[in-house]
Amino acid sequence: MSLPPGAYEALENALGAENVCDDPAVTSGYSYMWLLYSTHAQSGRYRPAAVVLPGSTKDVQTIVKIANRYKFSYIPVGTNLLPPTIPARPDTIIIDPKRMDKILQIDTQNMYAVVEPYVTYAQLQAEAMKVGLTITVAEAGAQVSVVANNMFQGMGGTGHKFGYNRGILGCDWVLPNGEILYIGSRGNPHAGWFWGDCAGLNLKGLLRADSGHCGGLGMVTTMAVKLFPYPGPKTFPVKGANPDFKVDFPKDLFRLNLIKFPDRKKLIEAMYEIGHAEIAAAVHEEPASMVLSGASPSVEYFWEKWPEFMKQWRNVLSVTLIGFSSPRQVVYEQKVLDQIVEELGGQYIREDSELWRIGEDNIGEQIRTGLSNRLFRVAGDFFVIGGFGFDSIDQSYKMSEEYMWPLIEEGQRKGHFIPDDTHNDWLNSYQLGHFSETEPLIFFEHDLDAGATFITSYMKTIQEALKRKMCTTWPLGPMNYIAGPHMCNYHELVLNIKRKLDPRLTSNPDYPVPQQPPG
Amino acid sequence: MTEKVLAKVDYLKPLPDMPYDVVMAGRREYHERVRTSLADIVGNDRITDDQQVLERYSHDKSFEPAGRPSFVVYPENVEQICRIVKKANELLLPVVPASSGTHCYGAAIPRMGGVVIDLSAWKTIYKIDHRNRATRIQPGVTYDELQRALESHGLRALFPLLPRKDQSVVTSHLEAQPKLIPEFNYSEPIYTAEIVLPSGDLFRTGTAAVAPPEANKTDLIGPWGPGFDWNRLYTRAQGTLGIVTWLNIMAEPLPTREKLFFTPCNSIDQAAHFTYRLGKKWIGYECFTLNRAALAMMLAEHGPDEYRTIKENAPAYLQIFCIAGLKRFPDERIAYQEADFFETARECNVSPSVQVPHIPRAASFFATHLRQCWDRDVYWKDMYKGASAEIFFITTMDRAAAHIAALQQEAIRFGYDPSDIGVYLQPIENGRAAHLEFIIPYDPGNAYEVRRVKDLWINASEAMYRLGAVFTRAYGYWADMVNRCNAVQYATARQIKEILDPNNIMNPGKLGL
């Protein structure tokens, strides 16, 4: 893994030697992440040729221009959560924005923040809460990059109220040719950051999709994101210390409801009714494994509690009410929710019960996700069997029942997937129930056999969806060649745009769609 | 010094050129050949080159220069559109889609001629999906038609302010006309779309991509992808990237009870401050502010004298705010929101009321017109002088006062009475941003006034831009204005256009493309 002659020196000269590194002890850290089965099985994975740390948009432009001059590829990363951040070919450098970690502005009046790519949700939300605002935090965890998550999906725990994939405002985007494309209101040098749609052709459409361009079209170096009203305390109200902590929001403004329904169909009906009534800030079906792993201070605790907990925690809907205008809103919304629950035969989990004690941190998770790393403790590896295909709540249920759970059960029979949420997904409502996505969780050991079962099943969810004319799981990278021919050949349009904007294929070359289908 | 020798020119010798009658015959033959090839697709009765018809499509209410199409076609189905577009690629014939009856901003003027594809007769409402709060419609469906259909299913359309009777809902959504309800979720109301690409191939966005609606087992709700966010790329594209043949869009629960409140304000800053506060409370539905001129344009039924009387009696600015109840406990919903609304009003030192002081018919007007098209022949913006110029853009509410002051300065500079300029401030996404619109009435029969208002319109647009206005709907002159200041955006947009439309047949010239 080495760069063309002269390239390393050029990077050092531009950034300073302290911000360029090809020491294998460092670069090895950028060649691993969980889930590489999904994208690197054919290509193999590589240690990057170097890691560079830009300090500014200008630095990023220079790196991109050097890459074009010396003809090597680069991957812009955020906080390195997903496979597209790992090289799938040699002689690739990583642009790590660790030094670009500043919140540049919070506009309280117009509810947005301007951030650099290494700003995390936890960092931004902490500052926003001080001025009565918040953001919907990625459910991958509050430790992830705000910029990267918004470009990928922008999903979050309070998406029922705050929406999904709608967070991007003005941006500075370094294109694969090194020029800066100003998105939205940034296109007018007098306007600032407040608006995301471009004057003229709306090129913001190339930044967002069902999973973004994954660094395949350059790097966004500064982004304004939407913030939302927040009526709570100025600091996140947490008591205790990890692993034993509780959140403590004022009950007159924040109210968690955990509701058991007789079956999943009733739960789905409740989600629709809540959406039609336009109440609540967060609405999720919560599977037992997720709730218990989040509440478990140790893996031993999880397995000790699991046999009984999985029987008790079935078809549970978590509904968080927030009084944005006043406590009166919570009182009203609770009355509506009570009526819906009664009509559909649901039962509230009582606050003095063991189930409540385990599940009550759900409200904190929705507002600032912090327990997602605990999911890995259950078996070593974790993901979802497929899902993410965004459509209606009904569609989520159909996808889950028709082909996702049968695939999970197949994996369980092989002894690879544990434990069993018994047809309960993590099913999320977005934008007051206008959209939904479902994620049936799977846990598996970190070995090649189990990984192979996972990725095979994941690919099958795409094939099953296409066969049934339903919506598919995210097709990342090479998977687009499976979905594209069945979906108006979108992959060809994407590929043509990639070739036009990145003719030397320097910017994460295999994303958003590789040049060739997998062999 | 050498004497100059004049060139000898034999002016009598015929030039080596084609006889003019042959040239004309060639043109006629070409015209007829194009006509025949289009008629082969749509049938003889669905194509016209009647001069009077072509004239109607050659200009609109804007200041944009005219451009006449060679043909107007009225296709019956999507297959015909695909074939027309493929034929247009062969002939390098510009294609301009049109769906509304009245055009206002130059987007449907065929500046380079070609063929107009008129879809205003495409009026099918394919589906009203109450469960998923969606409706799938063709481009010719108007707001009144849609609203009538939705109400029988307990739903309502997301209305802009008093749309024209012949306004296409699809075009309104594609052009991102601001909606009266500043709810965060409604700023992107398109779920999925079917698009005839510039190649003539059919494309569908979001979950619709997986199969045509009749075979598709999704609910056609998922808007993202596939690949890129095509809905966003095609929004405000003015037909430069293809022809949308249906949209599946949001439809919301129909209120069971509602209450309107009117808040007089002394300044736009006072109205903005109150609206900001309400946005953060996340209550109410329709919310917008008009100045006294805009209010008078809407309410005057009997000509300029009544307009002046209303204008004299109206407050400087009036905020209109609607609170409504839905199916469950509607009175309780209204009650809690009303309490929070008045609490906020007290904190902002404003005094909302259910009536507009001195203008008794205002309350009933808005009670009936929030979900209705403009129902009189002369559009409200044209009521005062017969025509109007509009300047609108996206900004923030705290900049509105500066924009208004700058516009008034420009008006004075051009000898126009600034008090006659209508102001409409529409908060978007809980007040995070705002659509600010100026309505400048003029007499279309007075050539001097037309020229003066056009100069004012251009100079004021430039002044707004310099103050940070974002002209997301970059029509005509505005496209040149924004492109000249954003070179990389313009160059990248041209690259995207070249990929999707290499022959540049789709509405060429619009957006500067």
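How many salt bridges does the rule find across the interface of chain B and chain A? Let me begin there, because a salt bridge here has a fixed meaning, namely a side-chain nitrogen of Lys or Arg within 4 Å of a carboxyl oxygen of Asp or Glu. By that rule, the interface of chain B and chain A has 14 salt bridges.

Before going further, please keep in mind that this is a predicted model, in which local features need pLDDT of at least 70 and side-chain atom pairs count only at pLDDT 80 or more, while totals for chains, interfaces and linings use all residues. Residues are numbered from 1 along each chain as its sequence is written, chains are lettered from A and ligands numbered from 1 in the order in which they are written, and side-chain values use heavy atoms, with hydrogens and water left out.

Let me stay with the two chains. In contact terms (heavy atoms within 4.5 Å), 97 residues of chain B meet 91 residues of chain A. The buried area, that is, the accessible area (1.4 Å probe) that two parts lose on being put together, summed over both, is about 8,500 Å² between chain B and chain A, and carbon and sulfur atoms give 59% of that figure. On the side of chain B, Trp224(B), Arg328(B) and Arg432(B) supply 11% of the area buried against chain A, more than any other three residues.

One of the salt bridges can be found by eye, since the side chains of Glu188(B) and Arg166(A) meet at 2.9 Å, N to O. There are also 48 residue pairs in polar contact across the interface of chain B and chain A, both residues being at pLDDT 80 or more; a polar contact is a pair of N or O atoms within 3.5 Å, where within protein one must be able to donate a hydrogen and the other to accept it, and residues adjacent in sequence count only if both atoms are side-chain atoms.

Several elements give two or more residues to the side of chain B that touches chain A, among them α7 (268–281), α10 (330–347), β15 (387–395) and α13 (447–466) of chain B. The largest share, nine residues, comes from α15(B). Helices (H or I, at least four residues) and strands (E, at least two) are DSSP runs, numbered from the N terminus. By class, this side of chain B has 49 nonpolar, 23 polar and 25 charged residues, where Ala, Val, Leu, Ile, Met, Phe, Trp, Tyr, Cys and Pro count as nonpolar, Asp, Glu, Lys and Arg as charged, and the others, Gly among them, as polar.

Now to the domains, whose bounds come from an automatic or database domain assignment. Chain A is assigned domain 1 (7–98), domain 2 (103–229) and domain 3 (242–468). The contact between domain 1 and domain 3 of chain A takes five residues from domain 1 and ten from domain 3. These two domains of chain A bury about 690 Å² between them, 74% of it given by carbon and sulfur atoms, and the rule finds zero salt bridges across their interface.

Chain B is assigned domain 1 (20–118), domain 2 (125–253), domain 3 (257–466) and domain 4 (477–512). Between domain 1 and domain 3 of chain B the buried area is about 590 Å², with 61% from carbon and sulfur atoms. In domain 1 of chain B, Lys61(B), Phe63(B) and Tyr105(B) lose the most area to domain 3, together 94% of what that side buries. The rule finds one salt bridge across this interface of chain B, and the side chains of Asp382(B) and Lys61(B) meet in a salt bridge at 2.8 Å, N to O.

Finally, two residues of chain A. Ser372(A) sits in the loop between α13 (362–367) and β18 (381–384) of chain A, and Ser372(A) counts as buried because its relative accessible area is 12%, buried meaning under 20%, exposed over 50% and partly exposed in between (1.4 Å probe, protein chains only). Leaving aside residues up to four places away in sequence, Ser372(A) touches Glu139(A), Ala140(A), Gly141(A) and Glu365(A). A polar atom of the Ser372(A) side chain lies 2.7 Å from the backbone oxygen of Ala140(A).

Thr438(A), in strand β21 (residues 435–439) of chain A, is also buried, with a relative accessible area of 0%. The side chains of Thr438(A) and Asp425(A) are joined by a polar contact of 2.6 Å.
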